[in-house]
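Me: Please take me through this structure slowly, one question at a time, and give the meaning of each term where it comes up.

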Amino acid sequence: METLPEEKQEMKALLQRRPLVIAGPCSAETEEQVMETALRLKATGKVHALRAGIWKPRTRPGNFEGVGVQGLPWLQKAAAATGLPFGVEVATARQLEDALRHEADFVWIGARTTANPFSVQEVADALKGLALPVLIKNPVNPDMELWTGALERVMKAGITQVALIHRGFSAYGQTDFRNAPMWQLAIEMKRRFPALPFLIDPSHICGNRHLLQEVMQNAIDLDYDGLIIESHRDPDQAWSDASQQITPERLTQMLDGIVWRKEEVLSEEQHLHLQKLRSQIDRLDDELLRLLHDRMKISEQIGEYKKEHNITILQTERWNQILERVCRNGERAGLSKEFITQYYDAIHMESIKHQDAIMNAHE
């Protein structure tokens with residue numbers, strides 16, 4: 001495996017940029033398409049790196065699966081013409097080698113690859129000895145340990161320039177999104193690895209361009225460090241994922257429409273005001289915990305009674321009554337049904353655990 005040229009070390013500084021904007025077409029289709037898109041992205045003055053899919057794994061064969069290695073020289077030329085670094089997705093050691101041979105400045109590991117520890121390990125082994133920045137997308141399924149495991153494998157290979165990409169998760173049923181954001185999982189990943197750059201991939205979350213602005217703003221409000229987004233010279237004519245791509249000019253408008261927030265509290269007045277509100281939150285949290293403790297104690301009493309009279313733990317009709325009542329009251333209080341359901345599902349499962357421990361305790 002070739003080592004990374006010294007001139008590529010500039011990517012280290014790029015990953016520290018905030019906000020970081022990486023953009024380019026979903027797929028490299030022709031040399032002309034790559035070059036025109038890249039030049040128009042450069043003209044925005046808002047894009048810091050180029051991206052394009054070279055190898056495109058699809059769910060079923062027969063769809064466009066990328067132009068392959070022949071597209072790498074196109075990106076190489078576009079990078080030279082614009083002065084912008086470029087990156088591609090890699091899923092195998094051979095793809096990584098091909099990317100480096102064409103002077104790729106960074107690579108990313110896609111969602112399908114992240115979901116397969118064997119594939120991640122193959123790429124990680126090929127990364128050893130390189131000073132190459134690597135971006136890691138969340139796995140297709142909502143599995144925090146797979147995402148964490150992929151990160152650990154890459155870092156154990158000696159890669160220190162790492163960033164995480166939130167591209168959403170597959171979900172059962174109909175949703176507004178191609179891949180459900182499941183923000184709580186991304187927030188947990190940020191909590192686990194607060195020092196790593198964290199990017200949003202709104203294209204794959206949304207699946208259509210109409211939701212992009214909302215998702216981008218949500219991510220910035222959650223203190224993401226930037227975005228990797230699909231931009232095409234003529235999105236409606238794109239060979240893959242046409243509905244989620246936007247022109248470079250539309251990208252400029254969207255970036256201008258974002259309210260860029262800061263994490264730091266600069267003034268003493270701001271700090272004191274936030275501290276006062278946070279103290280109120282802390283007191284309410286303590287009260288919630290005390291109430292949950294009291295609720296579990298009553299659940300344990302119910303468990304004792306059920307054990308004494310040989311009654312099953314799960315009472316479906318009673319649980320449906322509780323859920324209907326709390327959802328109705330929650331809606332009146334301005335809380336979403338989704339939140340109330342998830343919250344009370346967690347309480348219900350904890351209550352079942354307490355009762356189960358009593359029902360199956362050895363005398």
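Me: Which residue forms a salt bridge with Arg40?

Reply: A salt bridge here is a side-chain nitrogen of Lys or Arg within 4 Å of a carboxyl oxygen of Asp or Glu. For Arg40 the closest N and O atoms of such a pair are 2.9 Å apart, and the partner, four residues away in helix 2, is separated from Arg40 by about one helical turn. That partner is Glu36.

Me: Before we go on, which residues do the totals for chains, interfaces and linings use?

Reply: Residues are numbered from 1 along each chain as its sequence is written, and side-chain values use heavy atoms, with hydrogens and water left out. This is a predicted model, in which local features need pLDDT of at least 70 and side-chain atom pairs count only at pLDDT 80 or more, whereas the totals for chains, interfaces and linings use all residues.

Me: Is Arg40 buried, partly exposed or exposed?

Reply: A residue is called buried under 20% relative accessible area, exposed over 50%, and partly exposed in between, using a 1.4 Å probe and protein chains only. Its salt-bridge partner Glu36 has a relative accessible area of 30% and is partly exposed. Arg40 itself has 22% relative accessibility, so this residue also counts as partly exposed.

Me: Which parts of the structure does the salt bridge between Lys77 and Glu31 tie together?

Reply: Helices (H or I, at least four residues) and strands (E, at least two) are DSSP runs, numbered from the N terminus. In the salt bridge of Lys77 with Glu31 the closest N and O atoms are 3.2 Å apart, and both residues are partly exposed, Lys77 with a relative accessible area of 43% and Glu31 at 33%. Because the two residues are 46 positions apart in sequence and sit in separate helices, the pair ties together helix 3 (residues 72-82) and helix 2.

Me: With which residue does Glu300 meet in a salt bridge?

Reply: The N to O distance in this salt bridge of Glu300 is 3.7 Å. The partner is three residues away in helix 12, about one helical turn, and is partly exposed with a relative accessible area of 40%. The residue is Lys297.

Me: Which residues are joined into one network by salt bridges that share partners?

Reply: The structure holds 19 salt bridges. Where they share partners, they join into one network the residues Glu32, Glu36, Arg40, Arg233 and Glu249.

Me: Which residues is Ser299 in contact with, leaving aside its neighbours within four places in sequence?

Reply: Ser299 is found in helix 12 (residues 268-308) and, at 6% relative accessibility, counts as buried. Contact means heavy atoms within 4.5 Å, and on that basis, with the neighbours within four places set aside, Ser299 touches Ser351 and Gln355.

Me: In what order do the eight strands close into a barrel?

Reply: Two strands pair if DSSP finds at least two bridges between them, and in this barrel the pairing is parallel. Neighbouring strands of the sheet are turned by 25° against each other on average, direction ignored, where axes are lines fitted to C-alpha atoms (for helices over the stretch in contact) and angles run from 0 to 180 degrees between N-to-C directions. The order is 1-2-3-4-5-6-7-8.

Me: How many bridges pair strand 1 with strand 8?

Reply: All five residues of strand 1 (residues 20-24) are buried, so this strand is largely enclosed by the rest of the structure. Leu20 in strand 1 has Gly226 of strand 8 as its bridge partner. Strand 1 and strand 8 (residues 226-230) run parallel, and the number of bridges between them is five.

Me: What handedness does the β-α-β unit of strand 1, helix 2 and strand 2 have?

Reply: Strand 1 and strand 2 pair in the parallel sense over two bridges, with Ala49 as the strand 2 partner of Ile22. A crossover is right-handed if, with the strands pointing away from the viewer, the path from the first strand over the helix to the second runs clockwise. The unit, in which helix 2 covers residues 31-44, is right-handed.

Me: How many disulfides does a search of the whole structure find?

Reply: A disulfide is taken as a pair of cysteine sulfur atoms within 2.5 Å. The search of the whole structure finds none; for Cys26, the nearest cysteine sulfur, that of Cys206, is 14 Å away. The number of disulfides is zero.
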